[in-house]
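Hi everyone, thanks for making time for this. Please have a look at the structure on the screen, and I'll walk you through a few parts of it.

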Amino acid sequence: MRMKYSNLGRTGLQVSNLSLGTMAFGRWIDEEASADILDAALEAGVNVVDTANFYGKGQDEVVKCGTGESEEIIGRALKGRRHSVVLATKVGLPMGQGVNDRGLSRFHIMREAEQSLRRLQTDYIDLYQVHRFDERTPLDETLTALTELVKQGKVRYIGCSNFAAWQMAKSNGISDMLKLEHFVSSQSQYNLLSRELEREILPFCQSENMGLLVYSPMARGMLSGKYTSAGDLPEGSRAALGEELIRQYFTDENFEQVAIYRQLAEEHSVNLSQFSLGWVLNQPGVTSAIIGASKPHHITDAVKVSDWLWPDDLQEQIR
Ligand SMILES: NC(=O)c1ccc[n+]([C@@H]2O[C@H](COP(=O)([O-])OP(=O)(O)OC[C@H]3O[C@@H](n4cnc5c(N)ncnc54)[C@H](OP(=O)(O)O)[C@@H]3O)[C@@H](O)[C@H]2O)c1
């Protein structure tokens with residue numbers, strides 16, 4: 001199988017249709033195992049590595065506050081080969097308890113960009129994404145700060161994450177009007193069990209020629225088929241290790257859907273993880289699926305479907 005690459009939205013930047021998500025690096029995945037996963041991904045041709053200042057142990061504290069371990073691990077692991085990777089990180093989630101230790105103010109963005117550069121041991125970030133909309137900060141302030149980082153050579157492209165379509169439309173309008181950098185991509189959740197983005201975000205990104213990086217293509221592991229009920233959590237799985245957000249998927253309806261998808265996957269000689277990922281990759285408008293591999297073989301599994309063409313007979317069954 002060969003990795004597929006395409007332009008990130010309207011940019012000339014070529015990105016692989018599989019990106020490596022590193023939300024669990026330094027959290028449940030230790031440094032050595034993280035480095036093995038990163039190696040497997042780069043060897044397979046994945047060229048996008050997605051992280052955030054927030055990713056690390058602090059995600060699991062009662063009062064959530066980023067501690068930067070994921071960026072630090074990537075910085076060390078990429079030594080000597082940084083230039084072959086499209087390094088994407090994010091800003092906006094809490095990095096301390098102070099009122100200005102979060103959000104998208106100029107104050108916070110400028111400080112956090114420096115911190116991310118230091119942790120990642122690099123002079124530039126390829127894709128700097130705002131993690132979520134900040135209703136406290138005017139968008140022109142955020143876009144001006146991001147544009148300045150681009151002018152300083154510290155950032156190559158800017159993107160948004162978890163924005164509604166109207167928030168992206170407003171941002172693009174402000175960038176046009178004030179001649180500021182535009183968000184070139186959106187990062188949003190998308191998988192067989194969570195398809196909200198089809199209503200507004202996906203058509204908006206297609207219409208504006210923005211890249212669409214989709215996260216949790218396997219519903220945080222629910223679509224790998226390892227869970228059969230909310231009370232039966234396999235040892236070592238994310239749910240057993242304490243991830244809270246996966247529990248949103250533990251509904252009777254979803255367990256029933258997963259059983260149906262498992263059957264369909266078997267009929268097409270792929271496993272359920274590959275089936276779920278293959279579906280996402282075949283949806284028009286999706287630029288890259290950010291996979292949260294927790295073992296190197298998850299990469300190998302994913303790569304096998306990176307150029308899988310969704311069979312016509314299945315199309316009708318998944319509407
Ligand atoms: N912008 C945002 O707000 C946001 C939010 C969430 C995620 N993200 C990004 O998206 C990335 C991926 O998110 P995600 O981790 O939720 O993605 P995911 O790919 O839906 O879930 C990953 C989990 O699925 C299981 N898995 C993956 N491949 C498998 C395989 N071949 N066989 C069996 N199980 C498999 C593993 O579970 P086990 O570990 O339990 O085995 C793995 O931890 C994150 O790392 C982050 O970079 C961004």
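I'll begin with some ground rules, then go through a few strands and helices.

This is a predicted model, where local features need pLDDT of at least 70 and side-chain atom pairs count only at pLDDT 80 or more, while totals for chains, interfaces and linings use all residues. Residues are numbered from 1 along each chain as its sequence is written, and side-chain values use heavy atoms, with hydrogens and water left out.

Let's start with the record. UniProt, in an unreviewed entry, places the feature "domain: NADP-dependent oxidoreductase" at residues 18-308; its positions are given in the numbering used here, feature names are shortened, and annotations may be inferred rather than shown by experiment. In the model, the end C-alpha atoms of that span lie 12 Å apart, and the span is 38% helix and 14% strand. When I say helix or strand, I mean DSSP runs, numbered from the N terminus: H or I of at least four residues for helices, E of at least two for strands.

Now to the strands. Which strands pair with E7, residues 155-161? On one side, 5 bridges join E6 to E7, and the two run parallel; there, Ile-125 has Val-155 as its bridge partner in E7. E7 and E8 also run parallel, joined by 3 bridges, with Phe-183 in E8 as the bridge partner of Ile-158. Two strands pair if DSSP finds at least two bridges between them.

The path continues from E8 (residues 183-189) to E9, again parallel, with 5 bridges. Here Ser-185 is partnered by Gly-211 in E9. E9 is also joined to E10 (residues 288-291) by 3 bridges, in parallel, and Val-214 has Ala-289 as its bridge partner in E10.

What links these strands along the chain? E6, H4 and E7 make a right-handed β-α-β unit. E7, helix H5 (residues 165-178) and E8 make a right-handed unit of this kind, and so do E8, helix H6 (residues 201-208) and E9. Right-handed means that, with the strands pointing away from the viewer, the path from the first strand over the helix to the second runs clockwise.

Is E9 enclosed or open? All 5 of the 5 residues of E9 (211-215) are buried, so the strand is largely enclosed by the rest of the structure. Buried means under 20% relative accessible area, exposed over 50%, and partly exposed in between, using a 1.4 Å probe and protein chains only. Gly-211, Leu-213 and Tyr-215 sit on one side of E9, and Leu-212 and Val-214 on the other.

Next, two helices. H2, residues 69-77, is mostly covered, with 7 of its 9 residues buried, including Ile-73 and Ile-74. Its buried residues are covered by elements including H1, E4, E5 and H3. H3 has 15 residues and reaches 21 Å from first C-alpha to last, close to the 21 Å expected at 1.5 Å a residue. That expected span is 1.5 Å times one less than the number of residues. Among the elements covering the buried residues of H3 are H2, E5, E6 and H4. Just after H3 comes Gln-121, with a positive phi near 55°.

Finally, one residue: Ser-276, in helix H9 (residues 272-281). Ser-276 counts as buried because its relative accessibility is 0%. Leaving out residues up to four places away in sequence, Ser-276 touches Leu-192, Pro-217, Met-218 and Leu-223, where contact means heavy atoms within 4.5 Å.
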